Amino acid sequence: MLTFAIVIYAAAMTLANLSVATWGPAVSPINAFVLIGMDLALRDWLHVRLKAWQMFALIVAAGALTYPLNPAAGKIAVASSAAFTAAALVDWATFARLRGSWLFRANGSNVAGAAVDSLIFPTLAFGALMPQIVALQFVAKIAGGSLWAWVLARTAQRVAA
């Protein structure tokens, strides 16, 4: 299960990049809800299962792999790699500092990670600050992250039972 989660975590970025490269900024809010929301929640799930150095290595490796896995996406892949890495580090640091249930910590850190990713990605990918896209992505990432965090929490409860 752990290996599968790591692969899905890294693959979500590549899928998001390819879809934005193909369909442009209009698909960003959909990606934000489905793929990035899943990534935010999955990162927190991995956070409690990996050692700190392993999580750091995973964040850096997944961010670095974003461009080589889809160089055809060019500027989008570079923007995604930068946004992914920065958001992952902010999410990770926030999750580590929050106290309470896993679900509370995951949702709290998702807000921080979503804010960083939502600002950096479209600004770098499309060369301008696009407030509407930033706002839509931010809301979609928080909503998607909340949904995926709930799914992961419920799945973990069922497995434990």
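A residue is called buried when its relative accessible area is under 20%. This cut-off is applied below to a predicted model, beginning with the charged side chains.

Three salt bridges are present in the structure. In one of them, the side chains of Asp 39 and Arg 43 meet at 2.5 Å, N to O. Both residues belong to helix 2, where a spacing of four residues places Asp 39 and Arg 43 about one helical turn apart. Arg 43 has a relative accessibility of 2% and therefore counts as buried, since the limit is 20%. Asp 39 is likewise buried, with a relative accessible area of 2%.

Arg 43 also takes part in a salt bridge with Asp 91, in which the side chains meet at 3.9 Å, N to O. Asp 91 is located in helix 4, residues 75–97, whereas Arg 43 is located in helix 2; the pair therefore ties together parts that are 48 residues apart in sequence. Asp 91 and Arg 43 are both buried. Asp 39, Arg 43 and Asp 91 are thus linked in a network of salt bridges.

Another salt bridge joins the side chains of Asp 117 and Lys 141, at 2.4 Å, N to O. Because Asp 117 lies in helix 5 (residues 102–126) and Lys 141 in helix 6, this pair ties together parts that are 24 residues apart in sequence. Asp 117 is buried, with a relative accessible area of 9%. Lys 141, at 1% relative accessibility, also counts as buried.

Helix 2 contains nonpolar residues of interest as well. Leu 35 is placed in helix 2, and its relative accessibility of 14% means that Leu 35 counts as buried. Along the chain, Leu 35 and Met 13 are 22 residues apart, and their C-alpha atoms are separated by 7.3 Å.

At the surface, a nonpolar patch of about 460 Å² is made by Ile 30, Phe 33, Val 34, Leu 147 and Trp 150. Two elements, helix 2 (28–47) and helix 6 (131–160), each give two or more residues to this patch. Helix 2 provides the largest share, with three residues. Leu 147, a member of the patch, is part of helix 6. The relative accessible area of Leu 147 is 39%, so this residue is partly exposed; the partly exposed class lies between the buried limit of 20% and the exposed limit of 50%.

The final feature concerns open space. Rolling a probe the size of a water molecule over the atoms shows where empty space is left. The largest pocket contains about 170 Å³ of space. Its lining consists of Met 1, Phe 4, Ala 5, Ile 8, Met 38, Leu 42, Trp 148, Val 151, Leu 152 and Thr 155. At least two lining residues are supplied by each of helix 1 (2–23), helix 2 and helix 6. Helix 6 contributes the largest share of the lining, four residues. By character, the lining residues comprise nine nonpolar, one polar and no charged.

Helix 2 and helix 6 accordingly recur in the description. Each gives two or more residues to the nonpolar patch, and each supplies at least two residues of the lining of the largest pocket. Helix 2 also holds Asp 39 and Arg 43, while helix 6 holds Lys 141, the partner of Asp 117 in helix 5.

Technical notes
Residues numbered from 1 in each chain as written. Predicted model: local features only at pLDDT ≥ 70, side-chain atom pairs only at ≥ 80, totals over all residues. Heavy atoms only, no water. Patch = residues over 30% accessible without salt bridge, like charges linked within 9 Å, V, L, I, M, F, W, Y side chains within 5 Å. Areas by Shrake-Rupley, 256 points an atom, 1.4 Å probe, with all protein chains shown as cover. Salt bridge = Lys/Arg side-chain N within 4 Å of Asp/Glu carboxyl O. Buried < 20%, exposed > 50% of the residue type's maximum accessible area, 1.4 Å probe, protein only. 1 Å grid on protein atoms, 1.4 Å probe; cavity = no way out; pocket = protein on both sides within 12 Å on 5 of 7 lines; lining within 4 Å. Points joined across faces, edges and corners; volume = space filled by probe spheres on them. Nonpolar A, V, L, I, M, F, W, Y, C, P; charged D, E, K, R; others polar.
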